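Let's take a walk through this chain, from its overall build down to a few residues with unusual backbones. Here it is.

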Amino acid sequence: MADHPEWPERYQSDLSDAGFDTLAVRAGQLRTPEGEHSEAIFPTSSYVFSSAAEAAATFGGERRGNVYSRYTNPTVRAFEERLAALEGGELCAATASGMAAIYAVCVAHLEAGDHLVCSRAVFGSTNVLLEKYLRKFNVDITYVNPLDMDAWKGAVRENTRMLFLESPSNPLIEVADIRAIAALSRDAGAMLVVDNCFCTPAAQKPLALGADLVVHAATKYIDGQGRCLGGAVVGSAELIDPVIGVLRSAGPTRSPFNAWVFLKGLETLSLRMKAHSENAQLLAEWLEAHPKVTKVNYCGLPTHPQYELARSQQSLSGGVLSFEVAGGREEAWKVVDATRMISITANLGDTKTTITHPGTTTHGRLTDEQRAEAGISQALVRISVGLEDIEDIKKDLARGLDLL
Ligand SMILES: *Cc1c(COP(=O)(O)O)cnc(C)c1O
């Protein structure tokens, strides 16, 4: 959003050559005639017009202007412009949650008879949305191992319209080859949608790697402090316009207050992602050397099977890791229960470190066979590494590990 036209030229920012960190604090800058320095919140459901003719022109689309906050809101638009700039996309549509973003993409771009190829390692609610609801509308879905290029190739059919993945995945931190899958998707005439929640644009830019759409749960790292739910979709105007159409008709649009919180989140995203990654790296190295830890899943470790691939498509390794303890469920629970500072919660992307046992929480719904096939053992513990002192995080995990 341009600054108010009444402001002198020095406030009409030109960000065309600006770097990531500049865009994170300046893009989408919104300033009213009041001259406020930080972006204002516009808690209004509707907007007024100066005349019947102006209302008619605005409704008719001949005049640019706000009509109703399910359609547009200045605070929400400031967030959209900022995130679009950071992801390197033409347009962004902000949503009420991450799931609303994925829902809107599916409803906008899939129809009865279409086929979707989805990584088998996606967020649990994404799985439910596809299986329980999308299938009802006769969209067929094939799940593939995200690391297996032959599986992606083999799954694509004539009616495949969309490929969907998360990278790195939860909870095993598997890194999918976004460039190769994007090329396959293009050849098939389909679109690749990447859930960039774990990395954020501070660590990975899927559009630059060839993806067509990026979806976000802003709930996680974009807020970064576990306070608000929100989501977003970013891509070309051609692909985002139909998504906006769905959001306007179905209604899971972003509240102005949440947009304002996420604007603040974007300003520190880069700093926080660096700090999360630094702490996660130190913790992963410490865990790898611990005698009671049998395996560590973190893409910043040279022992990670896709270490080189991660380095080629991510600029940071991120804040989420998982590890297996010597033993099984009992031992994993012991480590979880022995913590005194780390929060036992399945949420992630928070300044506070969180710990969860995927086998009985986020992935508890899967059958033993499905879990075994996905590689999620009962000895697995997942950590979203926060911004506390790394020595305190290690100490808290050592309480349980040293009991084993
Ligand atoms: C949390 C999450 C979502 C869903 O976001 P909500 O805001 O909870 O709806 C989607 N994808 C990933 C990877 C997530 O972690």
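## Surface and charge

Accessible area here comes from the Shrake-Rupley method with a 1.4 Å probe. On that basis the chain exposes about 17500 Å², and carbon and sulfur atoms supply 51% of that surface. Keep in mind that this is a predicted model.

As for charge, the chain carries 38 positive and 50 negative charges. The mean positions of the two sets sit 4 Å apart.

## Overall build

The secondary structure adds up to 13 helices and 12 strands. The radius of gyration is 22 Å, close to the 22 Å that the globule rule gives for 404 residues, so the chain is as compact as a globular protein of that length. Along the principal axes, the C-alpha trace spans about 75 × 50 × 35 Å.

Burial comes to 53% of the 404 residues. Take the contacts between residues at least 6 apart in sequence: 73% of them join residues at least 24 apart.

## The main nonpolar core

Which residues have the most contacts inside the largest nonpolar core? They are Phe-79, Leu-83, Cys-92, Ile-222, Val-234 and Leu-266, in a core of 42 residues. Helices H1 (20-26), H3 (74-87), H9 (256-288) and H10 (307-313) each give two or more residues to this core, and so do strands S1 (91-95), S6 (213-217) and S7 (231-235). The largest share, seven residues, comes from H9.

Helix H9 is also home to Ser-270. Is this serine buried or exposed? Its relative accessibility is 10%, so Ser-270 counts as buried, given that the cut-off for buried is under 20%. Leaving aside residues up to four places away in sequence, Ser-270 touches Phe-20, Asp-21 and Ala-202.

## The loop between S4 and H7

The loop between strand S4 (160-166) and helix H7 (178-187) is worth a stop, and Ile-173 is found there. Ile-173 has a positive phi of about 55° although it is not a glycine. With a relative accessible area of 1%, Ile-173 is buried. What does Ile-173 touch, not counting residues up to four places away in sequence? The list runs Pro-168, Phe-198, Asn-297, Tyr-298, Cys-299, His-304, Gln-306, Val-320, Leu-321 and Ser-322. Asp-114, by contrast, is 59 residues from Ile-173 along the chain, and their C-alpha atoms are separated by 29 Å.

Pro-168, one of those contacts of Ile-173, lies in the S4–H7 loop as well. A cis peptide bond joins Ser-167 to Pro-168, with omega about -5°. Pro-171 has its place in that loop too, and a cis peptide bond links Asn-170 to Pro-171, with omega about 0°.

## A positive phi at Asn-138

Another backbone to check is that of Asn-138, whose phi is near 60°, a positive value in a residue other than glycine. Where does Asn-138 lie? Look in the loop between helix H5 (124-133) and strand S3 (140-144).

Asn-138 is exposed, with a relative accessible area of 52%, where the cut-off for exposed is over 50%. Ile-173, which also has a positive phi, is buried at 1%.

Note on methods. Residues are numbered from 1 along each chain as its sequence is written. This is a predicted model: local features need pLDDT of at least 70, side-chain atom pairs count only at pLDDT 80 or more; totals for chains, interfaces and linings use all residues. Side-chain values use heavy atoms; hydrogens and water are left out. Helices (H or I, at least four residues) and strands (E, at least two) are DSSP runs, numbered from the N terminus. The radius of gyration is taken over C-alpha atoms; the globule rule is 2.2 Å times the number of residues to the power 0.38. Buried means under 20% relative accessible area, exposed over 50%, partly exposed in between (1.4 Å probe, protein chains only). Contact means heavy atoms within 4.5 Å. Lys and Arg count as positive and Asp and Glu as negative; His and the chain ends are not counted. The place of a charge is taken as NZ of Lys, CZ of Arg, CG of Asp or CD of Glu. A nonpolar core is a set of buried Ala, Val, Leu, Ile, Met, Phe, Trp, Tyr and Cys residues joined through side-chain atoms within 4.5 Å.
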